[in-house]
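User: I have a structure open and would like to go through it with you. Could we take it topic by topic?
Analyst: Certainly; please show it and begin with whichever part you prefer.
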Amino acid sequence: MKVLGISGSLRRDSYNTKLLRAAGELLPPFVELEIWDALKEIPPYDEDDDIEPAPAAVAALRAAVADADAVLFATPEYNSSVPGQLKNAVDWASRPIATNPLRNKPVLVVGASTGAFGAVWSQAELRKVLAATGARVVDGEVAVGHAPTRFDDDGALQDEGMRDQLREALEALLAELPAGYLALAV
Amino acid sequence: MSVLTDTQAALPTGTWNLDPVHSSIGFEIPYLAGTFRGQFADVEAKVTEEGLTGSARVASIDVKDENFSAHLQSPDFFDAERHPELTFESRELERSAEALTVRGDITIRGVTGPVELTGTISEPLTDYADRQRFGLTLEATVDRTEFGLNWNAPLPSGEPALPNDVKLIAELYFVREA
């Protein structure tokens, strides 16, 4: 089974992308984490462009979400909210609302920031946005504050307490998957 | 006026099936400056010696906007994927002339809780096709958050946009089983 990881940061050395990789290492062996790396290619949402066929980058995003069993978002916080490009991508993915691939999809939101609070406001807003798309938003929060001090030179999450929180949140995400998958874990 | 608590005395005897075309099961809730109403198009109900049972398919929520309907069916509200039906089963009926009280269990979003429906019952009559019919009008108020329907959004005043209490309204027409 597959979890799609979406980082809200475009930066090469993004702490949120590192957080996704840390999550990938905590997932059980039967779960593959695929990190989606095409956020920068998503065009600005324009209803005039929201026609079939969709822009290639948008079609690829929608297909990646549809193909995944769950989605893990790691978001930074810009001006107390969700980075514009990430919100824009979710807006594209959510159309048309009644049949969009995020609908009923189990999703978990985590976040990292250089400040003290670990993108908690951005995470809360992203959860609200995802609930509006019809996603099954998992109750779990991992807020990695002071991010530069939490990852080592290889990008690994050093903080044991944070790793425990992340593991717990991922377990909550996996618990939302159909029972057939969970049987694989036994 | 005597109060009849026995099922057979409170409801006409025999088995009665719902006339779904003329019946409706819906809800109403104050929203912003008015009252919002919605209905379930696909409903079932039955009256037997055991009492009254009914169900409604969440996917059949009939509101006037498909995006709104999609939101109501999502995990933010009814979570139709996991809980496709609302159900009701009576435990106890109490009748006094036309007034009817039905106590039973309602299941919404997979959560079962007690509910008391109150309303009226009509005497059976014979229709054009020589079938016997009677009607029930029932209402109840439930706290939607007790069933996990927790969505809300603050108004600029800080007040929640949606109250927790929802009125459920059923207008049921039954036809005696041949």
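User: Which residues touch the most other members in the largest nonpolar core?
Analyst: Please note at the outset that this is a predicted model. The largest nonpolar core has 49 residues, and those that touch the most other members are Leu19(A), Val71(A), Leu72(A), Val107(A) and Leu108(A).

User: Which helices and strands supply at least two residues of this core?
Analyst: In chain A, the strands that do so are S1 (2–7), S3 (70–75) and S4 (106–112). The helices are H1 (15–26), H2 (56–67), H3 (84–93), H4 (120–133) and H5 (160–175) of the same chain.

User: And where does the largest share come from?
Analyst: H5(A) gives the largest share of this core, with six residues.

User: Is there another core apart from it, and how many residues does it have?
Analyst: Another core lies apart from it and has 32 residues, including Trp16(B), Val47(B), Val58(B) and Phe77(B).

User: Back to Val71(A): what does it touch?
Analyst: Leaving out residues up to four places away in sequence, Val71(A) touches Val3(A), Leu4(A), Ile6(A), Val65(A), Lys105(A) and Val107(A).

User: Now H3(A). Which of its residues are buried?
Analyst: The buried residues in H3(A) are Leu86(A), Ala89(A), Val90(A), Trp92(A) and Ala93(A). They lie on the same side of H3(A), because they cover an arc of only 160° around the axis.

User: What covers them?
Analyst: The cover over the buried residues of H3(A) includes H2, S3 and H4 of chain A.

User: On to chain B. In what sense do S7(B) and S8(B) pair, parallel or antiparallel?
Analyst: Strand S7 (residues 85–96) and strand S8 (residues 99–108) of chain B pair in the antiparallel sense, over nine bridges. Thr87(B), for instance, has Thr107(B) in S8(B) as its bridge partner. The two strands form a hairpin with two residues between them, and Ala97(B) in the turn has a positive phi of about 55°.

User: What about S8(B) and S9(B)?
Analyst: S8(B) pairs in the antiparallel sense with strand S9 (residues 111–121) of chain B, over 10 bridges. Here Gly104(B) has Val115(B) in S9(B) as its bridge partner. This hairpin also has two residues between the strands, and Arg109(B) takes a positive phi near 55°.

User: Last topic: how many residues of each chain are in contact with the other?
Analyst: Seven residues of chain A are in contact with eight of chain B. On the side of chain A that touches chain B, three residues are nonpolar, two are polar and two are charged.

Key. Residues are numbered from 1 along each chain as its sequence is written. Chains are lettered from A and ligands numbered from 1 in the order in which they are written. This is a predicted model: local features need pLDDT of at least 70, side-chain atom pairs count only at pLDDT 80 or more; totals for chains, interfaces and linings use all residues. Two residues are in contact if their C-beta atoms, placed from the backbone, lie within 7 Å. Ala, Val, Leu, Ile, Met, Phe, Trp, Tyr, Cys and Pro count as nonpolar, Asp, Glu, Lys and Arg as charged, and the others, Gly among them, as polar. A nonpolar core is a set of buried Ala, Val, Leu, Ile, Met, Phe, Trp, Tyr and Cys residues joined through C-beta atoms within 7 Å. A residue is buried if 20 or more other C-beta atoms lie within 10 Å of its own, exposed if 12 or fewer, and partly exposed in between; C-beta atoms are placed from the backbone. Helices (H or I, at least four residues) and strands (E, at least two) are DSSP runs, numbered from the N terminus. Two strands pair if DSSP finds at least two bridges between them. The arc is that of the directions from the helix axis to the C-beta atoms.
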